[in-house]
Amino acid sequence: MSNDTIFQLRPGRSCGACTACCIEPTIDSPELKKPPGVRCPSCTGKGCAVYEARPAVCREYHCLWRMTLLDLGEEWRPDRSGVMVVPEERDIPPGFEPFGYRFDLIGPPSVGLWPAALTWDPLVILMATAVELNIPVFLGVPAPPGHTGRKMFMNYAMVAGAKAHNLQQLRDALIAAYQEGVHTPSPEIVFAEAV
Ligand code: SF4
Ligand code: SF4
């Protein structure tokens, strides 16, 4: 299956009021640079103030909720679910499929608590299903604004719970990974000045 086929936009679906990808990711393109977790200056909170003239990097980017690859229902829209699902091909250990998914929790990190999305059954079940199929899954743990989040590889931690179909065991694995990620210092992103 070609990338053109698997990365088709889902017909009839639009971002609506979601602006998660205008805040959460690092954007480092010639036209726009923005650290992670920091709102783009053009983001109004309801949309893009320069939508018709937005940079190519924004025109070309869509999270997997906008795609046909996974059957993510309306409730998965990132601003509703608290999680942004993106493809992930990097840092996959040997023995797993070469293409996986990263489930980025959105919003600032919370120490001592965890985001509700982390124990949301649809998230837990989708990750467990992927684990059973040997598809790599990562949990994206946010860091303070301006800092890179942590990417936690979850297959080893979730495999026992996935095989046993034990939701509580799976939730516990996710919470433990979140707590580890949120306590791990992360570097601040600094963009070099153009010379
Ligand atoms: S995160 Fe997804 S749904 Fe939200 S604005 Fe970006 S592409 Fe649209
Ligand atoms: S330019 Fe517009 S679409 Fe691009 S990140 Fe900023 S607000 Fe979002």
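In the predicted model, Asp-91 lies in the loop between β3 and β4. Although Asp-91 is not a glycine, its phi is positive, at about 65 degrees, and the residue is exposed, with a relative accessible area of 57%. A positive phi of about 65 degrees is likewise found at Asn-134, again a residue that is not a glycine, and Asn-134 is placed in the loop between α4 and β5. With a relative accessibility of 31%, Asn-134 counts as partly exposed. A further positive phi, of about 50 degrees, is taken by His-165, which comes just after helix α5.

Helix α5 itself spans residues 155-164, and its buried residues are Asn-155, Met-158, Gly-161 and Ala-162. Viewed down the axis of α5, these buried residues fall within an arc of 135 degrees, and they therefore line one face of the helix. The face turned away from this buried side carries Tyr-156, Lys-163 and Ala-164, which are exposed. The cover over the buried residues of α5 includes two helices, α4 (121-132) and α6 (167-182), together with the strands β5 (137-141) and β6 (150-153).

Aromatic contacts also involve α5. The count of aromatic pairs in the model comes to six. In one of them, Phe-96 and Tyr-156 meet edge-to-face, with 5.6 Å from centre to centre and 70 degrees between the planes. This pair links distant parts of the chain, since Phe-96 belongs to the loop between β3 (83-88) and β4 (100-105) whereas Tyr-156 belongs to helix α5, 60 residues apart. The two partners fall into separate accessibility classes: Phe-96 is buried, because its relative accessible area of 19% is under the 20% limit, while Tyr-156 is exposed, because its value of 56% is over the 50% limit. Ring pairs join Phe-96 and Tyr-156 with Phe-138 and Phe-153 into a cluster. A charged side chain is also found at one member of this cluster, as Lys-151 lies over the face of Phe-138 at 4.9 Å from the ring centre. Elsewhere, Arg-54 lies over the face of Tyr-51, at 3.8 Å from the ring centre.

Strand β5 contains Val-137, which counts as buried at 0% relative accessibility. When neighbours within four places in sequence are left aside, Val-137 is in contact with Tyr-101, Phe-103, Met-127, Ala-130, Val-131, Met-152, Phe-153, Met-154 and Asn-155. Among these partners, Asn-155 is also one of the buried residues of α5, and Phe-153 is part of the aromatic cluster. Between Val-137 and Ser-81, 56 residues apart in sequence, the C-alpha to C-alpha separation is 18 Å.

Helix α6 holds Arg-171, a residue that is buried, with a relative accessible area of 18%. Setting aside neighbours within four places in sequence, the contacts of Arg-171 are with Thr-119, Asp-121 and Val-124. The C-alpha atoms of Arg-171 and Glu-132 are 16 Å apart in space, and the two residues are 39 residues apart in sequence. In the loop between β4 and α4, Ser-110 counts as partly exposed at 21% relative accessibility. Ser-110 touches Pro-115, Tyr-178 and Val-182 when residues up to four places away in sequence are not counted. The C-alpha atoms of Ser-110 and Gln-179 are separated by 9.1 Å, although these residues are 69 residues apart along the chain.

Two ligand shells were also examined. Around ligand 1 are Cys-15, Cys-18, Ala-20, Cys-21, His-62, Cys-63, Trp-65, Arg-66, Pro-78 and Met-84, a shell that divides into eight nonpolar residues, one polar and one charged. His-62 is the polar residue of this shell and Arg-66 the charged one. Around ligand 2 are Cys-22, Ile-27, Leu-32, Cys-40, Ser-42, Cys-43, Cys-48, Pro-55 and Cys-58. The shell of ligand 2 divides into eight nonpolar residues and one polar, with no charged residue, and the polar residue is Ser-42.

Key:
Residues are numbered from 1 along each chain as its sequence is written. Chains are lettered from A and ligands numbered from 1 in the order in which they are written. This is a predicted model: local features need pLDDT of at least 70, side-chain atom pairs count only at pLDDT 80 or more; totals for chains, interfaces and linings use all residues. Side-chain values use heavy atoms; hydrogens and water are left out. Buried means under 20% relative accessible area, exposed over 50%, partly exposed in between (1.4 Å probe, protein chains only). Helices (H or I, at least four residues) and strands (E, at least two) are DSSP runs, numbered from the N terminus. The arc is that of the directions from the helix axis to the C-beta atoms. Contact means heavy atoms within 4.5 Å. A residue is near a molecule or strand if one of its heavy atoms lies within 4 Å of it. Rings of Phe, Tyr and Trp (its six-membered ring) pair if their centres lie within 6.5 Å; planes under 30 degrees apart count as stacked, over 60 as edge-to-face and the rest as tilted. A charge sits over a ring if NZ of Lys or CZ of Arg is within 6 Å of the ring centre and within 35 degrees of the ring normal.
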